[in-house]
Amino acid sequence: MEFSLIDTPVQNFEGDCVVVFAHSNTGVNANNIQPLIELNNFESTSGTSLLLNFVEGIKAPQVLVLGMGDLPNSANNYAKALDTASKVFKTIKPKSVMIEALQITGFDENWVFRMTAQVLQNATYEIQQVGKDKPVASIASVAIQSGQNNANELLQGRAIAEGMALARHLGDLPSNICTPTYLAQTAQALATEFDLACEILEEEDMAKLGMGSLLSVSKGSIEPPKLISLSYRGKGDAKPIVLVGKGVTFDSGGISLKSGAGMDEMKYDMCGAASVLGVMRTIAQLQANINLTIVVPTVENMPAHNASKPGDVVTSMSGQTIEILNTDAEGRLILCDALTYVEKFNPAVVIDTATLTGAVIVALGKHYCGLMANDQDLANDLLAAGKTSLDGAWQLPLEDAYDELLKSNFADMGNIGGREAGTVTAACFLARYTQKYRWAHLDIAGTAWLSGTKKGATGRPVPLLVQYILDQIN
Ligand code: BES
Ligand code: MN
Ligand code: ZN
């Protein structure tokens, strides 16, 4: 999809469809449309739409009116309106579209350009069925009304959506295709496409580094584990931002086997990995002036005669020992070794993203991801990036009082903290491996995919992380 800016009244646009916005309290700007809105009893509440054909005085044959609720315009209502528009476009299949300029409270015109491109491009994503051809998108060009004539933000918005599309595609793939080996091949393909430095560690390499915790998770599976690193250099010798993504390509729970209902969704347990690969695609495509490294520990968690058993004790790369009380708390076991490994990159900051706990879904539902950090400035930057990108994070406390729940009689720590505050104790576990640098953790178990009839990956938190990274440049 191509995006551009256009300085013309909507009446004069000569393409297939113009999009205008209507408010419940004040109606629409363009004349000739208001009476039609009233005729149709269109209420203009957020998320609604009305399609009009051959409106007098408007050159484009179709006018799509989007409800925005009351003024002033909220950012969330704008994104929702564009989502509604995308659904209509799937039916009417316009080749060229113009979107009326709109002011959004708290954001500038550039934000509107970027969000418009991102939301419309992201809406073209379709799940690719195994063994079937790739679906093709319908709209070719979108022009946004503006007096400006050139905006980098349009390219940014599209690049973010393309990063999200990679993350969504990897998430939606079944675990018999998207294995650790497949993720490593995907990383290598990105490295070739964008000229990135790529390193894949195999089981023997990890054994030499002493990654006994990570390897304890993969040992019950026939799929070999991988530790993927990809580095993009856009800023000389500056310290890199390092992103770490949990890549459990299927989480059966291991010997602490999960129950059957909904277990298929554990193919999404690599969405942290998918999101950091997506962020890398976006940043490399934009040739951003920053250094970025992503690290993906990736394994399959299976029960087997040679799998880890509850009570087993392993030694992590950091030297700290862990009593595996529950083999289903495997995410932290692979992340801790990856978080020790990233010290070698001399990171400016480290942010990990992981579908780590079911408890975060209980705490925050599907709207915010959980944020915990050992550095409040970093946490504040991520909270702000979440607000700007409409990909929100909500901070939970990371305090010593919770860390005590990890005590073990048999090792330096257990891998679970009991029933209470499961999201926080998981982060406390990781915090024991991240003391040498500024670090934040995003628990995306609630936000990375949707269940039920809308089952599918969301591409989150690609927008949040890209926003954070771009904010470090400006
Ligand atoms: N991948 C799961 C977390 C998860 C569960 C994400 C459900 C989305 C939906 C993780 O590996 C896990 O199993 N966590 C356990 C931890 C517990 C054993 C301490 C959990 O949340 O139940
Ligand atoms: Mn698990
Ligand atoms: Zn898991």
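Let me begin with the zinc ion (ligand 3), whose 6 donor atoms subtend angles of 77 to 175°, and so the arrangement is octahedral. By donors I mean N, O and S atoms within 2.8 Å of the metal (3.2 Å for Na, K and Ca), and since water is not among the atoms, sites may look incomplete. Octahedral here means six donors with opposite donors over 155 degrees apart and all others between 65 and 115; four donors count as square planar by the same angles, or as tetrahedral if all angles lie between 85 and 135 degrees, and anything else is irregular.

Before going on, I should say that this is a predicted model, in which local features need pLDDT of at least 70 and side-chain atom pairs count only at pLDDT 80 or more, while totals for chains, interfaces and linings use all residues. Residues are numbered from 1 along each chain as its sequence is written, chains are lettered from A and ligands numbered from 1 in the order in which they are written, and side-chain values use heavy atoms, with hydrogens and water left out.

Which residues hold the zinc ion (ligand 3)? It is coordinated by K246 (NZ), D251 (OD), D269 (OD) and E330 (OE), at 2.0 to 2.4 Å, and along the chain these donors follow the spacing K-x4-D-x17-D-x60-E.

The manganese ion (ligand 2) is coordinated by D251 (OD), D328 (O), D328 (OD) and E330 (OE), at 2.1 to 2.2 Å, with its donor residues spaced D-x76-D-x1-E in sequence. Its 6 donor atoms subtend angles of 72 to 167°, which makes this arrangement irregular.

D251 bridges the manganese ion (ligand 2) and the zinc ion (ligand 3), which lie 3.2 Å apart. D251 and E330 link distant parts of the chain, 79 residues apart: D251 is in strand β10 (residues 247-251), and E330 is in the loop between β13 (321-324) and α9 (331-341). Helices (H or I, at least four residues) and strands (E, at least two) are DSSP runs, numbered from the N terminus.

Are these two residues buried or exposed? D251 has 3% relative accessibility and so counts as buried, and E330 is buried too, with a relative accessible area of 1%. Buried means under 20% relative accessible area, exposed over 50%, and partly exposed in between (1.4 Å probe, protein chains only).

Lastly, the cysteines. A search of the whole structure finds 0 disulfides, a disulfide being a pair of cysteine sulfur atoms within 2.5 Å. The sulfur of C198 is 15 Å from the closest cysteine sulfur, in C178, which is too far for a bond. C271 is likewise in no disulfide, the nearest cysteine sulfur, that of C178, being 9.1 Å away. C198 counts as partly exposed at 30% relative accessibility, whereas C271 counts as buried at 3%.
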